[in-house]
Amino acid sequence: MTHERLSRWRSLAGILATAVLLGVYALGGFAWILGFVALVPWLLVLNRDRTALRVLAIGALMSVAFVAAVFYWFGAAIGAYTGVGGTTATVVLLVAAPLVQPQFIAFALVRQWAGRRYGPVLRALAAACAWVACEWLVAKPLGDTLGHGLFPSAVLRQVADLGGATGITVLLLLVNEAIAFAIVKYRGRGADRSLRVLLRPLALAAGIVACMAGYGAVRRASLQAPALADAPTLRVAMVQANITDYERLRKEIGAYGVVRRVLDTHYALSWSAIRDHQADVLLWSETVYPTTFGHPRSEDGAALDREIQGFVDAAGVPLVFGTYDRDAQGEYNAAAFLEPHKQPGNGLLGVYRKTYPFPLTEHVPSWLDGPRLRSWLPWTGTWSPGDGARVLPLRSADGREVNVVPLICLDDVHPDLAIDGARLGAQAILGISNDSWFTAYPVGARLHLAVAAFRSIETRLRR
């Protein structure tokens, strides 16, 4: 085997090793520790002297391998939703991987450029900055970053309080760089000097982890402070029935029959939550009421609106639920806040409109929309985006009140909404989602949970 061919096989092996480690890292649990070493095989590949074109190719291949190892479920979910099939959707996703996960390419190119001009420290810092800058510039569909993988570590994830999940990504990249640098130096030195060569980079890596752990421990202790313990609290019951295939049910029992079944099931579960768990607030999932609340399209719709308000009046607790809203500009995925009235009537406190509807499946930008696109992609959505964060109060029957910023599904992946809510006076984040499309893909559900939890850490708001 020629030297060139052997080099290519080693490169592919390094890319594959990192992809496997990142795939396990994404599974959660104790695998979070792999975040500190997962990139090392790929970094060792990049350390070899290569042309910019080869570095570009290595970065692109790494992005494809990463998507295959970590987001294999996403292609299957897209295929099931759109009806094109999991195989077709996965192939499209892999082809688009360099566009969906371009941070690997930016990191590799900047790292090579900086490495030729500066030392290993500046090289590592420049490459890490390129990684997170690329993630900031290129909006990812799921808002993922390497730092989200530390979610299972209740101590280490607290560092997001300082720099968000992005800050954790930078620290993970630096630790991986330090370990890779130690391996390179160890290989290039004699055994008699190996310990001294390894000490500095490994001490740096250990120091970063130790600082993360120390800060996390201090912050967790501060969360138990008496001032926080005295803050107003509400017991929220999250109610979601196991009713997922609305389209199939609509064909079998009609649109009204679907709404009737969904509401009756949620009423029963909600009464149980109040009776058995002393719920102060009821929270139903995204789009649980699949029509426009407050803007009925028929007399049946108006009757259902009154029925929901009547239930809230009888229950005596506020209800937040997913519905649709509309105005002259369009229709929106929304969350309605209902309060009980001593006298039956309209207790609609306010409506939050989802700011970030999912691309294509929920919203199509005007410059792309049209009859031709709709004929090619009949599953495309028609919702419009809302106009940003909104803070609304939740009030219990005995007078306790908590101001919340609602986030609907994909809103969770955008830190700006939670931050704006905190600046507007929110005391907690209220997240709702229709996670039925995650039923067969628990990895996706875990990612969404991790991303949502980081919004709470970053803003110091309860969730």
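Buried means under 20% relative accessible area, exposed means over 50%, and partly exposed lies in between (1.4 Å probe, protein chains only). This is a predicted model, in which local features need pLDDT of at least 70, side-chain atom pairs count only at pLDDT 80 or more, and totals for chains, interfaces and linings use all residues. Residues are numbered from 1 along each chain as its sequence is written, and side-chain values use heavy atoms, with hydrogens and water left out.

**View A. Phe-107 meets Trp-131 edge-to-face.** The structure holds 18 aromatic pairs. In this one, the ring centres are 5.5 Å apart and the planes differ by 85°. Rings of Phe, Tyr and Trp (its six-membered ring) pair if their centres lie within 6.5 Å; planes under 30 degrees apart count as stacked, over 60 as edge-to-face and the rest as tilted. The pair links distant parts of the chain: Phe-107 is in helix H7 (residues 103-115), Trp-131 is in helix H8 (residues 120-137), and 24 residues separate them. Helices (H or I, at least four residues) and strands (E, at least two) are DSSP runs, numbered from the N terminus. Why does Phe-107 count as buried? Because its relative accessibility is 1%. Trp-131 also has 1%, so Trp-131 counts as buried.

**View B. Phe-107 and Trp-131 belong to one aromatic cluster.** Its other members are Trp-42, Phe-66, Phe-71, Trp-73, Phe-74 and Phe-104.

**View C. Tyr-324 and Trp-383 form another edge-to-face pair.** Their centres lie 5.1 Å apart, with 75° between the planes. Tyr-324 lies in strand S3 (residues 319-327) and Trp-383 in the loop between helix H14 (371-376) and strand S6 (392-395), so the pair ties together parts 59 residues apart in sequence. Are these two residues buried or exposed? Both are buried.

**View D. Arg-353 lies over the face of Tyr-332.** The distance to the ring centre is 4.0 Å. A charge sits over a ring if NZ of Lys or CZ of Arg is within 6 Å of the ring centre and within 35 degrees of the ring normal.

**View E. The side chain of Asn-176 approaches the backbone of Leu-39.** A polar atom of that side chain lies 2.9 Å from the backbone nitrogen of Leu-39. Asn-176 sits in helix H9 (residues 160-188). With a relative accessible area of 0%, Asn-176 is buried.

Methods: A polar contact is a pair of N or O atoms within 3.5 Å; within protein, one must be able to donate a hydrogen and the other to accept it, and residues adjacent in sequence count only if both atoms are side-chain atoms.
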